Every structure is written in structure tokens, then in C-alpha cells.
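Visitor: I am new to this structure and would like to learn how to read it. Could you walk me through it?

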Amino acid sequence: MFATSAASSAAVLDKIDGLLDLSKYKLSQIPSKYLKNNERWMKYLGMPIGVLAFLSVYYMKTPSGLTMGGQVVLASFALALIWWVMEPVPTHVTSLVLMGLLVFFNGWKEADVLGVLGYSVIWLNILAFILSSMLVKTNLAKRLALKMIVKFGHNAGQITLAFFALNLFLAGLIPATAARAAMLLPIMIVVASIYGASNVHPNNFGRNLFLQNLQAINFGSSAYMTGSNANLIAVAFILSMGGTRVYYTDWFFAALPVVICGMLISWFIGRKFVFPLKEEEKAPVVEGGIEKINEKLVEMGKVSGQEKKAAFIFGMVILLWITDKLHMRMFGFEISAVMAAFIGAVIALLPKVGLLKWNEADIPWHLMLFSCGAYAGGLALNDTGAARWVVGSVFEALNIQPGVNFWVVYCVVIVINMFSHIFFTSKTMRTLIFIPFVIATAQYLGFNPLWLALPAAFTIDWVIALPINAKPNVILFSTGQYSVLDNLKYGLIMTTVGSLLLIIAGFTWFRVLGITPGFGG
Amino acid sequence: MALPAQAGWMVVGQDTLANYKESLEIHEDGSLDVTITCSPVNGKVMDLPLEYESIENPKIVSGSFVLLGQNDNDSSPVVEKRGSLFIRLLPVEVLDSQAADSLVSVTFNVPGYFDWKKSKRAYGVVRFSKTFLNTSDYYIRTYELEYMLPKGYLLHGVLKTEPEYNPQKQPVPPYLVEKLDGHYRAALTVNDLSAASRAVMSVEMLKAKRSMLPLIIGIVLSVLYLIFYRDVLEKEKD
């Protein structure tokens, strides 16, 4: 009897070992995916639909305000957007096709297109994956994840809520969203595997965990004025064009309730409606549950020297990320988020001193190519003026004239700004294009620019619909735990929720704070 | 000691032109129809900068000025000062103050301004660039450089402008692209152009007619995909 129980306990611990064997889930390898019936049809029809979109835009009469170069970029981007969603070819191949179209149709210069691979965003991704590999190899990620599960992981709801709280806290400290994604990635992978989700066998727990983290990393930044560079650009525009200074606390007190409500709604609807959890996905897939996981944690013993070294290297990088504003005073120059990760990666890869051999670094190069295509498309849209033309055309088509009710304009501005993120690959670009438009519209209509521009600025970090929309999205997409369609489905639902939250806040909370016209106004 | 002129600096006593617009209608033979329209400096001789080696058919379209030598067929309105060329306008006395304040507009043709064939680049794109150097004595408040493309040509893109456009600092680009009376048009606006400062706009244009090759390739590829990838619809076996 005792022998049988001991054997079964050993078997459970072995199973945990199996689940935690992250070498099985290498990000650099693309697992084959099982497709549902509707996904197979989308894949089949995606190719001609994408080509049709390209040809329609390419052959349309060049409208006033748009250059031919811009038209080519719009046509290429339309094809890529459809292919990324419908996936007739893998997403990284779509990116390569997009880059090819930009060059062959003279939409953007070859040197510019190929040069995207050297952009800091790509470097940050590569370095983040090196650091992440270090955490995985040394078992530090496993230990942190097990600790998190033991403390909060009694059920799926608790653990995802813990991630939301963690993200909200980190957003105030680390403005670089990609850095936050890189930091949490290995922990998320371990937690997902304990709940039976992997890139080979994705389940709804994994979809909820990764997509909710994607949302929390992105719109969590919206709680803080310093949460992203784009927020600061928006604030600068509101001052220079609108004439109103927005203080850190103005932003924080206005945006925080919206962000917290957004996170709670996402947490609730994700598990219940968007990707409902089956009974077996609501708890760790380990017989004996948390006790056994705790046993595994105990079995790991004390923190090893390698783990300490990994914690030191990663801690140093995090410290550099957090103290970015003090660098000038400390060093006489600023160490960017990329260069901070660069220092960490170099130390991690140093023979004898470091912890990682090059062959052990799990870098998903297909994801880098995917990112390159997305960025090339986005940058070309901006460079050729096509993005500005589209935004201008939308505002023009709405034909908003003086005398119109403020709240009608407010709702339109929030919805357009919020949903526009689907077509952009950079928050900064979106801010540079949209916020001046919003301020100019407010001035034209005779409204205080702050009434429209600050709520519009709160939409900047809601970049959650597609893997191309932001850096963390690409990093999390690399796990293969969800499809582009999963991302789009949950993203569109939450974009709608975000719009409604900001509209409700505009009518209520923002009025109390004096951001939107008061009850007497 | 004289201070060197810098962009945006105005010398005391210097005449100011509120507006100065140079409109270039580009033709496929490389010639230009140029129209310069600017605010008048009443009662004074006006020398407008000229960056063209030879011009034809100069005439005043509006304003209370006449061209130098207008009544003398042998003489040219072009004068040289400090090594630069100018077109000289002489004031005409008018009694109506409204007429005196109306914009002065002068037009002329520039034959063979550029070699169309040599300006052709890959993809059939033709590059065109013009630099305006303010060699005049005027401080120009608003300068506009406009290109009207030949009919049947599209603007492929604005390659470069000077002053350079920096989206981080300027919410709106300094140039405008639009279609006007069947012509594609690009117009650069520069504020506060003092003596010796310049404005540049470089554009690329191409024939509006698009090749049918992408359409054929697109259709062929789509059909081939639908035929050869039919197996995508089949259920995968475990």
C-alpha cells in the first residue's frame, strides 16, 4: 500500500517534470496546428481575398491627397493584413511577401525595407529572447512560476488575476512594454504548461493567460503618463497645440479606474465567454494539485548559484530599465531599453562568466521576420503619407461641422482612435498622426482641445487586436499558444469594451475631474 | 561688421514680402511654365530671384508693375546682381490704392529646364527637384513652391524637402499633395525665408497608366493556389 502510494507520487512528480520540460516547447520551432473547419476555409480563401484586396487598391484611381507610392503601400498592407488574419501562408511568409511587394512595386526603397531588420525593436526582441532563455535554462523561471502558482494558482481565475495585478504594478516601473513581456514570458510558459497548455496542445487556459497578459502589458501602460513614449508625445502635443499642461497625477487619476475596470472585465469575460474554460482547465493538470506542485518546489531545493547569477543579470537589466530617467545623472548618458538588454545578453553569453551557450538561446527567427514585415509596412504607410491620408479621409467623411453636440464628437473620436490601432504597427506613429488631428478638430469645432485630446490619448496603449500591433504582441505570439484569429476575436471584444469604458468615463468620471465639460457645461 | 544672414533673421529696414509663390507647370519635354505671384513693394523697383538661365515670353499678369524693357523688344527684364539673376519689375503709378496693393504676378516659360529622359529612373519614375535660394533683398514671410505635374502623370512621392519634415516636431507636413483640375500637384510652404536661406522640394512622378501584369499574375496565382491547395480543406488525420 505504502509502496503503491510512493510510486504514484513519484509518477505525479515525473508528470510535473514532463510538463515543466521547456525544451519541448522551443519558441524557435513552429509546431503544426490543428485547424477547425472554419479556419481551414479561411486559410483556403485567404489567398485570393488578399490578392483581390491588393489589386482593388492598386488599380483604383489615385485619390487627391495620396501619392502613388502611398497607394502601393496601402495595397500591399491590405493584402498582408488579410493574410495575417486568414493565414493562407504562415505569418512570417506574409511579412516577406509584404516586404517584396513594397520593393517590387516601388512603394518603399529596398534599403529602407531591408534596414528594418536592424531596428532597435528587432534587437530588443532578440535580446529579450536570449535573456528569457537564460531564465529558462537556469530554472529560475520555473521556480518563480511554481512559487506564483503555489501562492495564487489554486484555480485558473486566481492566477490570471495575479498576472493582471503584477502587470499593473510593473507598468508603473518599466515603461518598455517589450521588456515587461520578455520578463514575464518564461513564467507564463511554465504556468501554462502546469495548466496543460502548450504550443503543441493549446487550450483555453493558455489563450486566456497569454491574451490577458498581452492586454495587461499594453493597456496597463495607459494608467501612467510615463507608461509609454507615445503617452508622453501625446501630452507634449496637448501642451504645444492645445495649450494645456497635463500633469502625471491628472493622467493617473483619470486613467487608472478605466484600466482597472478594463482588466477586471477582460478577466471575467475571457474565462466565461470568449474562451470558456472546461472543468479540467480550471485547475493544474497535476494529480494532487497544488500540494504536489509545492512538493516539486521543495524538491528544487535552495536557490542554486546559477539561478542567483541569472537573477543578478536579469535584476541588473530591470534596474537599468527602471532607472532610465536617472542615467543622465548617473552615467552622463542614457542607456536605452535595448542597450540595457544588450548588456545583460552579452554577460549571459560570456564563456565562463555567463550562463548560456549560443546553441541554447531560443530565438524564434520566424518571429523576427514577421516583425520586420509588420514594421516595414507600418513605417512605409507613415513615410508615404498614406496613413495620414486615410485618417484625414475618415475625419473628412464624417463631415463634422461647428455646432455639433460635443458628446457626439467625443464618442466618434474615442471609437475611431481606439479601433484605428488594428491598422497600425506603432503607437508612436498613431499618436503622431491622430492626436494633432483630434486637437485641430476640437479647435475647429470650438471645444477645449483637452476635452477630446486627453481621452483620445488614453486609447493609445490599447493595441491588442493583432500580433502586429505592438512589440509585446509579437513576443507573446511566439509561444504558439493562440492563433491570430484568437487574438483578433478577444482583441476586438476588448477594444469595444475599452471604447465603452472611455465613453462612460467621459460622461461621468472625467467630468468630475474636469477633463470633459462639467455638468453645467 | 555685417552679420551673416540666417534663416528666420530679418535685417532692420529690409522690405518684407508677405507672400511669395512660385508655381511650376512641368511639361514632358522638360520645359516649365513658371508663374511667380507675390505681395508688392509699392513704389519701388522689385527684383525677384531667378534660378533659370534663359526664359521666354515674360509678362506681367497682374499688379501695378511693368517688366523692365517691356516696351523695348530688344531688352530683357533679366538683370544680374552680386552674381545672381533677377527679373526686374518697375512700378507703375496708380491712383486706386486697392489696385496698388493687389498681388503682382509674372509668368514666363523656361525651355529645356531639365532632361526628361535623363531624369528617368527605375520603375519609369521621373525625378524633379527645384531649389529656391532667396538671393533677393526681401524677407519672405510665406514662401510656396508649387509643382503642377503634366496631365496623365501621378505623383509617386515627395522625396525630400528643405526645411526637412520632422513628424516628431511638426504635426502636419510642410507640403500638400492634391489633385487639381486633372493635374496632380505638390506644394511646399516655408515660413520666414530670410535672405540667403533656401527651400527645396524633390518629387518623383510617373505615368498614370498602370501595367496589367500585376492583375494577370494575381489572378493566375490565385487560381493556381485554389487548385493546388485544395487539400487545405480536408480534415487532418490524427
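**Reading the domains, the chains and the details**

Guide: Gladly. Keep in mind that this is a predicted model. Let us begin with the domains: in chain A, the C-alpha centres of domain 1 and domain 2 lie 21 Å apart. The domain assignment places domain 1 of chain A at 37-107 and domain 2 of chain A at 366-513.

Visitor: How many residues does each domain of chain A bring to the contact?

Guide: Domain 1 of chain A supplies 23 residues and domain 2 of chain A supplies 20 residues. On the side of domain 1 that touches domain 2, the elements giving two or more residues are helix H3 (68-86) and helix H4 (91-104) of chain A. H3(A) provides the largest share of that side, with nine residues. By residue class, this side of domain 1 of chain A holds 11 nonpolar, 10 polar and two charged residues.

Visitor: What does chain A consist of in terms of helices and strands?

Guide: Chain A has 24 helices and zero strands. Its C-alpha trace spans about 85 × 55 × 55 Å along the principal axes.

Visitor: Why is the radius of gyration of chain A said to agree with that of a compact globule?

Guide: The idea is to set the value beside what the chain length would suggest. A compact globule of 521 residues would have a radius of gyration near 24 Å, and chain A has 24 Å, so the two agree.

Visitor: How do I read two helices that pass each other?

Guide: Look at the distance between the axes, the angle and the handedness. Here, the axes of helix H12 (residues 248-274) and helix H23 (residues 484-507) of chain A come within 10 Å and cross at roughly 145 degrees. The crossing of H12(A) with H23(A) is right-handed. Among the residues making this contact are A:Gly262, A:Ile265 and A:Ser266 of H12(A), together with A:Met494, A:Val497 and A:Gly498 of H23(A). Sorted by class, the contact of H12(A) with H23(A) has 12 nonpolar residues, four polar and one charged.

Visitor: And how do I read the place where two chains meet?

Guide: Interface size has a common yardstick: it is often given as the accessible area lost when the parts come together. Here we can count residues instead: 26 residues of chain B are in contact with 25 residues of chain A. The elements of chain B that give two or more residues to its side are strand E11 (153-162), strand E12 (175-180) and helix H2 (213-228). H2(B) gives the most, with seven residues. This side of chain B divides into 18 nonpolar, four polar and four charged residues.

Visitor: Which strands form the open sheet of chain B, and in what order?

Guide: The order is E9-E14-E11 in chain B, three strands with antiparallel pairing. Strand E9 (126-133) and E11 of chain B are the edge strands, each pairing on one side only. From one strand to the next, the twist averages 20 degrees. Eight bridges join E11(B) to strand E14 (residues 198-207) of chain B, and B:Tyr153 stands opposite B:Lys207 in E14(B). Helix H3(A) lies across E11 and E14 of chain B, at about 105 degrees to E11(B).

Visitor: Which backbone details should I look up in the loops?

Guide: In chain B, the peptide bond from B:Glu162 to B:Pro163 is cis, with omega near 5 degrees. B:Pro163 sits in the loop between E11 and E12 of chain B. In chain A, A:Asn399 has a positive phi of about 50 degrees although it is not a glycine. You will find A:Asn399 in the loop between helix H18 (386-398) and helix H19 (406-419) of chain A.

Technical notes:
Residues numbered from 1 in each chain as written. Chains lettered and ligands numbered in written order. Predicted model: local features only at pLDDT ≥ 70, side-chain atom pairs only at ≥ 80, totals over all residues. Domains from an automatic or database assignment. Contact = placed C-beta atoms within 7 Å. Helix = DSSP H or I, 4+ residues; strand = E, 2+ residues; numbered from the N terminus. Nonpolar A, V, L, I, M, F, W, Y, C, P; charged D, E, K, R; others polar. Axes fitted to C-alpha atoms, helices over the stretch in contact; angles between N-to-C directions. Left-handed = near helix turned anticlockwise from the far one by under 90°. Pairing = 2+ DSSP bridges. Rg over C-alpha atoms; globule rule 2.2 N^0.38 Å.
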